[in-house]
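Here are some notes for a colleague who wants to go through the model residue by residue. Please keep the sequence and the structure open while reading.

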Amino acid sequence: MNRNRAHSLISGAILIVLGILFALKALGIMTFNIFFDGWWTLFIIIPCLMSMVKKGPAMSNLIGLGIGVFLLLVAQGVVGFALFWKLLWPAIFILIGLRLIFRETFDKTVAFIR
C-alpha cells in the first residue's frame, strides 16, 4: 500500500468516526465535549503521527510526539508540569543516544518503509 493511500485511509477513518460521534451527540444518544483539558496538544500530536505515517519515523517526529503526549498528560492532571520540565531534556538525550547507537537499524527501517 503506498503512503498516499494509507494517509487517505487514516484521514477518512478519522472523519467517519468524528461524523458518527457528532451524529450520536445530535441525536442525544451520547454527550461529549470536544474541548477537553489539553485539546490543543492535538495540534502537536496529530501532525507528528500523520508525518510518521506518510514519511516514516524520524527523530523530530518522535520528539514532537513525546512532547505532545506528555503535555496532554500534564493538562489532564496525570503528571505535574514540574515533572514535565525535569524529564524533558533527559528524554531528548535518551532518544538522541538511542538514535546514535541504533543508527543502522533505524536507517534500514526508514528505508524499508519508504
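The points below go from the chain as a whole to its helices, its core, its surface and a few single residues.

1. Overall make-up. The model is a predicted one, and the description should be read with that in mind. The chain has 5 helices and 0 strands, so that, read from the N terminus, its elements follow the order α-α-α-α-α. Of the 114 residues in the chain, 22% are buried. Where contacts join residues at least 6 apart in sequence, 55% of them link residues at least 24 apart.

2. Accessible surface. The accessible surface of the chain comes to about 8,200 Å², and carbon and sulfur atoms account for 73% of it. Part of the nonpolar surface can be named residue by residue, as point 6 sets out.

3. Helix H2. This helix covers residues 42–55; its 14 residues reach 19 Å from the first C-alpha to the last, which is close to the 20 Å expected at 1.5 Å a residue. Its buried residues are Ile 45, Cys 48, Met 50, Ser 51 and Met 52. After H2 comes Gly 56, which has a positive phi, near 95°.

4. Helix H3. How does the span of H3 compare with what its 17 residues should give at 1.5 Å a residue? The expected value is 24 Å, and because the end C-alpha atoms are 24 Å apart, the two agree. The buried residues in H3 are Met 59, Asn 61, Ile 63, Gly 64, Leu 65, Gly 68, Phe 70, Leu 71 and Val 74. Just after this helix, Gly 77 takes a positive phi of about 80°.

5. Nonpolar core. The largest nonpolar core has 9 residues, namely Met 59, Ile 63, Phe 70, Leu 71, Val 74, Val 79, Phe 84, Leu 88 and Ile 92. Two elements, H3 and helix H4 (81–101), each give two or more residues to this core, and H3 supplies the largest share, with 5 residues. Among the core residues, Phe 70 touches Val 79, Leu 83, Phe 84 and Leu 87, when residues up to four places away in sequence are not counted.

6. Nonpolar surface patch. Ile 10, Ile 14, Leu 15, Leu 18, Phe 22, Ile 34, Phe 35, Phe 36, Trp 39, Trp 40 and Phe 43 together make a nonpolar surface patch of about 1,100 Å². The largest share of this patch, 5 residues, comes from helix H1, which runs over residues 3–26. One of the patch residues, Leu 15, lies in H1, and its relative accessibility of 60% is why Leu 15 counts as exposed, the cut-off being over 50%. As general background, nonpolar side chains tend to be buried together in soluble globular proteins.

7. Asn 61. Is this residue of helix H3 buried or exposed? Asn 61 has a relative accessibility of 9%, and therefore counts as buried. Leaving aside neighbours within four places in sequence, Asn 61 is in contact with Cys 48, Ser 51, Met 52 and Gly 56. Of these partners, Cys 48, Ser 51 and Met 52 are among the buried residues of H2, while Gly 56 is the residue with positive phi that follows H2.

8. Thr 41. This residue lies in the loop between H1 and H2, and because its relative accessibility is 0%, Thr 41 counts as buried. Apart from neighbours within four places in sequence, its contacts are Gly 68, Leu 71 and Leu 72. Gly 68 and Leu 71 are among the buried residues of H3, and Leu 71 also belongs to the largest nonpolar core.

9. Lys 25. This residue is found in helix H1; its relative accessibility of 39% is why Lys 25 counts as partly exposed. With neighbours within four places in sequence left aside, Lys 25 is in contact with Met 30 and Phe 32.

Technical notes
Residues numbered from 1 in each chain as written. Predicted model: local features only at pLDDT ≥ 70, side-chain atom pairs only at ≥ 80, totals over all residues. Heavy atoms only, no water. Buried < 20%, exposed > 50% of the residue type's maximum accessible area, 1.4 Å probe, protein only. Contact = heavy atoms within 4.5 Å. Core = buried A, V, L, I, M, F, W, Y, C linked by side-chain atoms within 4.5 Å. Helix = DSSP H or I, 4+ residues; strand = E, 2+ residues; numbered from the N terminus. Patch = residues over 30% accessible without salt bridge, like charges linked within 9 Å, V, L, I, M, F, W, Y side chains within 5 Å. Areas by Shrake-Rupley, 256 points an atom, 1.4 Å probe, with all protein chains shown as cover. Salt bridge = Lys/Arg side-chain N within 4 Å of Asp/Glu carboxyl O. Expected span 1.5 Å × (residues − 1).
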